[in-house]
Amino acid sequence: AAGYDDIIASSSAASLSCSVSEVKLPESYSKYVIDELLYAFPEGASVANSDGALPIALAIESGKKWIGGGIRSLHEAYPVGIEQVQLAKQHPLMNALSFQSQEDESVDQSMISDLVGGQDDREGTVATGVDGGGGRRRKRRQRKKINKDESHDAIMFVQRPGAAVRDVVTIMWANEEDGGVQMLGCSTIELAATSALCQDAIVSVALRGVTCVVNAMKNHPNEPAVQERACSALVAMAPADGVREVSFAASGAISTVVSAMQAHVGDATVQKEACRALCGIAAHGGSERATAVASVGGFTALVNSMGAHPDDCVVQREACLALEVLTSFHDAYLPELHHQTEVLLHAAASKFPEDCSEPTSAILSRLP
């Protein structure tokens with residue numbers, strides 16, 4: 001609690017909300033930050049600032065959205081906090097529950113509203129109190145228009161050719177518990193990044209996509225298909241790391257990829273894509289990212305991947321390439337390569353000389 005008070009003293013929540021809005025971060029960053037804070041300090045949702053305002057009240061007043069803006073997370077952590085908000089007809093909560101973009105949308109907004117509007121009945125419960133019985137009747141009529149199979153609609157939407165990344169991300173946040181939506185959404189984000197014609201276009205995808213993809217991995221740790229497609233999407237967005245607000249370290253992307261390797265050590269496809277992800281992150285991020293990979297067990301995960309799949313050429317190649325990139329930075333803080341690692345490298349070079357001899361030679365030459 002003392003740490004929380006220090007934060008309040010240094011910067012009021014109101015000014016913090018203003019500064020965040022001025023930076024123009026993607027909406028999903030709000031949910032990511034709020035979820036991480038609640039994970040570390042769940043009681044924070046019930047702690048008021050110096051003006052007596054609760055976090056959920058400040059989030060609603062600043063126009064945050066129900067899911068993407070983190071209001072639902074705050075509500076679930078401290079349900080009675082919503083009682084502090086004085087709801088009126090034009091209260092910002094109406095905007096927080098709407099899920100309609102504040103920008104001109106290139107797709108049918110009614111479709112997006114239908115897809116995300118039916119995700120949580122609590123939205124209707126809260127909103128009905130805004131304008132009395134009339135609001136309740138309107139909410140009932142709106143529910144009748146919603147396709148009951150929201151999951152099927154969401155899956156169809158994220159596969160829609162030409163769908164804007166911001167809309168795909170919105171659907172993924174609204175259906176974060178649906179593994180199929182997350183897997184296909186990651187594939188769409190990967191396609192958008194790989195087909196981008198310039199660096200700025202990749203950054204535009206990554207600004208919205210990185211935290212969303214990481215969230216998919218965290219919510220579906222036991223789904224190999226989600227982990228695989230998410231790693232592929234991170235590979236495609238890696239060139240944007242460190243540009244503007246994109247950070248593969250701060251978003252938890254690096255540690256989440258390593259966790260996927262540890263959880264699915266026997267799955268060759270996950271290992272292949274995860275090795276590619278760590279290689280791409282280090283290649284674009286330099287010694288700082290190489291150190292970050294090593295600090296969360298990335299080196300060990302790569303070695304374990306080689307040991308678990310000695311007869312898989314692709315896994316051996318991708319792991320060797322990742323280790324070659326990581327060891328290429330002399331100023332990176334890396335663990336010492338043990339004798340077992342040297343044995344695995346020699347075995348890979350011997351069994352798959354065309355794919356592994358060159359990177360293994362480079363790695364072995366850097367051994368002390």
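**Helix 17 and its surroundings**

Mentor: In this predicted model, helix 17 spans residues 298-308, and its buried residues are Gly298, Phe299, Ala301, Leu302, Val303, Ser305 and Met306.

Trainee: What makes a residue such as Leu302 count as buried?

Mentor: The cut-off is under 20% relative accessible area; Leu302 is listed as buried, so its value falls under that cut-off.

Trainee: And what covers the buried residues of helix 17?

Mentor: The cover includes helix 15 (253-263), helix 16 (268-295), helix 18 (313-327) and helix 19 (339-351).

Trainee: Why are helix 17 and helix 19 called oblique to each other?

Mentor: Their axes come within 10 Å and cross at roughly 50°. Angles under 35 degrees would count as roughly parallel, and 65 to 115 as roughly perpendicular. Roughly 50° fits neither range, so the pair is oblique. The crossing is left-handed.

Trainee: Which residues make that contact?

Mentor: Helix 17 brings Val303, Met306 and Gly307, while helix 19 brings Thr341, Leu344, Leu345 and Ala348.

Trainee: How do you know that the contact has 2 polar residues?

Mentor: By class there are 5 nonpolar, 2 polar and no charged residues. Gly counts as polar, and so does Thr, being on neither the nonpolar nor the charged list; Gly307 and Thr341 are therefore the polar pair.

Trainee: Turning to the cores, which residues touch the most other members of the largest nonpolar core?

Mentor: Met237 and Phe248, in a core of 73 residues. Beyond its neighbours within four places in sequence, Met237 is in contact with residues including Ile189, Val205, Val213 and Phe248. A second, separate core has 13 residues, among them Ile56, Ile60, Trp66 and Ile71.

Terms used
Residues are numbered from 1 along each chain as its sequence is written. This is a predicted model: local features need pLDDT of at least 70, side-chain atom pairs count only at pLDDT 80 or more; totals for chains, interfaces and linings use all residues. Side-chain values use heavy atoms; hydrogens and water are left out. A nonpolar core is a set of buried Ala, Val, Leu, Ile, Met, Phe, Trp, Tyr and Cys residues joined through side-chain atoms within 4.5 Å. Buried means under 20% relative accessible area, exposed over 50%, partly exposed in between (1.4 Å probe, protein chains only). Contact means heavy atoms within 4.5 Å. Helices (H or I, at least four residues) and strands (E, at least two) are DSSP runs, numbered from the N terminus. Axes are lines fitted to C-alpha atoms, for helices over the stretch in contact, and angles run from 0 to 180 degrees between N-to-C directions. Angles under 35 degrees count as roughly parallel, over 145 as roughly antiparallel, 65 to 115 as roughly perpendicular and the rest as oblique. A crossing is left-handed if the near helix is turned anticlockwise from the far one by less than a right angle, and right-handed if clockwise.
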